[in-house]
Amino acid sequence: MNQKLGLVALAKAGDSDAFQMLIHQEKAKLYKMAFVYTRNEDDALEIFQETVYKALISISTLKDDQYITTWLTRVLINTAIAYLAKKRKVITLRKDMIENVRDTGSVRLEERIDLLEAMEELEEKYVTVLLLRFYKDYSVKQIAETLDCPEGTVKTNIHRGLILLKKKLKGEYFDERKNSCL
C-alpha cells in the first residue's frame, strides 16, 4: 500500500513512469469493467484508453491518494456511460464475447449469458451498483464514495436491482444460500 501511495504522489507530481506503473496495476480490473459495460472488445479498449488519458490529465485533482483505485473506477464509469450514450447502439451478446468475462468457477456459460442478458435490461443505476458490489466486491460505503451518493441510495439501488434481476431470471436458478429457487 505504501508503494502505491508513493507512486500516486509521484504521478501527481508529473512522473509519467509512476503513472504508467499505477495503470499497469489496475489495467485488468479497468478493462474488465469496461468490457462488462460494452460487451465488445474494441469498445472496451477504447473506453480503457480514454479513461487512462482522462486520468493522466486530471490526476492532480485526486484529493486523497489512498482512493486512487476508486477514483480510476469512477473515471471509467463516467467514460463508459458517456461513450455508450454517444454511440447509442444496441449491445448484442454473442457466446464468444461471454468468454472474455471473468470465469466464475462453477457457474455454467448458459447461466452467465442469462445473467448478462438480464443485466442488460436493467436501468444504468442498477447495473452500476450491482457491478461494483458483486463483480468488484466493493462495500456499500465504497460504492457510495465512488458514485458520490448517499449509502442509503446505494442500498436501495442494490436491493431494487436484485429484485428486478430475480424477476427477469424467473426462478430458473437455485440459490444455495437460501436453499430455494430464485
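This is a short walk through the helices of one protein chain, with some of the contacts between them.

The model is a predicted one, so please keep that in mind for everything I say.

Let me start with the overall content. The protein chain has nine helices and two strands. Reading from the N terminus, the order is α-α-α-α-α-α-α-α-α-β-β. There are 182 residues in the protein chain, and 41% of them count as buried. Taking contacts between residues at least 6 apart in sequence, 59% join residues at least 24 apart.

Now the N-terminal end. Helix H1 covers residues 2-12, and Lys4, Leu7, Val8 and Ala11 are buried in it. Those residues cover an arc of only 100° around the axis, which puts them on the same side of H1. What lies over them? The cover on the buried residues of H1 includes H2 and H4. After H1 comes Gly14, with a positive phi near 105°.

Staying with H1 for a moment, there is a residue in H4 to look at from the other side. Ile68 is in helix H4, and with a relative accessible area of 4% it is buried. Leaving aside neighbours within four places in sequence, Ile68 is in contact with Lys4, Val8, Ile59 and Leu62. Two of these names, Lys4 and Val8, are also among the buried residues of H1. For Val8 there is a distance as well: Ile68 and Val8 are 60 residues apart in sequence, and their C-alpha atoms are 7.4 Å apart in space.

Next, the packing of H2 on H4. Helix H2 is residues 16-38, and it packs with H4 at an angle of about 30°, the axes being 10 Å apart. Angles under 35 degrees count as roughly parallel, and H2 and H4 are therefore roughly parallel to each other. Is their crossing left-handed or right-handed? The crossing of H2 and H4 is right-handed. On the H2 side, the contact is made by Ile23, Glu26, Leu30, Met33, Ala34, Tyr37 and Thr38. On the H4 side, it is made by Thr69, Leu72, Thr73, Leu76, Ile77, Ala80, Ile81 and Leu84. By type, the residues of this contact of H2 with H4 divide into eleven nonpolar, three polar and one charged.

Past the end of H2 we come to Arg39, in the loop between H2 and H3. Arg39 is not a glycine, yet its phi is positive, about 55°. Its relative accessible area is 7%, so Arg39 is buried.

On to H3. Helix H3 is residues 41-58, and Thr51 has its place there. Thr51 is at 1% relative accessibility, so it counts as buried, the cut-off being under 20%. Which residues does Thr51 touch, leaving aside its neighbours within four places in sequence? They are Leu72, Val75, Leu76 and Thr79. Of these, Leu72 and Leu76 also appear on the H4 side of the contact with H2.

Now further along the chain, to Tyr138. Tyr138 sits in the loop between H7 and H8. With a relative accessible area of 7%, Tyr138 is buried. Outside its neighbours within four places in sequence, Tyr138 is in contact with Thr69, Thr70, Thr73, Leu132, Arg133, Ile143 and Thr146. Tyr138 and Thr70 are 68 residues apart in sequence, with 9.5 Å from C-alpha to C-alpha.

The next helix is H8, residues 140-147, where Val140, Ile143, Ala144, Thr146 and Leu147 are buried. Seen down the axis of H8, these buried residues fall within an arc of 165°, so they line one face of the helix. The partners of that face are helix H4 (68-87), helix H7 (124-135) and helix H9 (151-169). Two of the buried residues, Ile143 and Thr146, are also in contact with Tyr138.

Just after H8 comes Asp148, in the loop between H8 and H9. Phi of Asp148 is near 55°, a positive value in a residue other than glycine. Is Asp148 buried or exposed? At 71% relative accessibility, Asp148 counts as exposed. Arg39, with a positive phi of about 55°, is buried.

To close, a word on H4. H4 packs with H2, is part of the cover over the buried residues of H1, and is packed against by the buried residues of H8.

Conventions:
Residues are numbered from 1 along each chain as its sequence is written. This is a predicted model: local features need pLDDT of at least 70, side-chain atom pairs count only at pLDDT 80 or more; totals for chains, interfaces and linings use all residues. Side-chain values use heavy atoms; hydrogens and water are left out. Helices (H or I, at least four residues) and strands (E, at least two) are DSSP runs, numbered from the N terminus. Buried means under 20% relative accessible area, exposed over 50%, partly exposed in between (1.4 Å probe, protein chains only). Contact means heavy atoms within 4.5 Å. The arc is that of the directions from the helix axis to the C-beta atoms. Axes are lines fitted to C-alpha atoms, for helices over the stretch in contact, and angles run from 0 to 180 degrees between N-to-C directions. Angles under 35 degrees count as roughly parallel, over 145 as roughly antiparallel, 65 to 115 as roughly perpendicular and the rest as oblique. A crossing is left-handed if the near helix is turned anticlockwise from the far one by less than a right angle, and right-handed if clockwise. Ala, Val, Leu, Ile, Met, Phe, Trp, Tyr, Cys and Pro count as nonpolar, Asp, Glu, Lys and Arg as charged, and the others, Gly among them, as polar.
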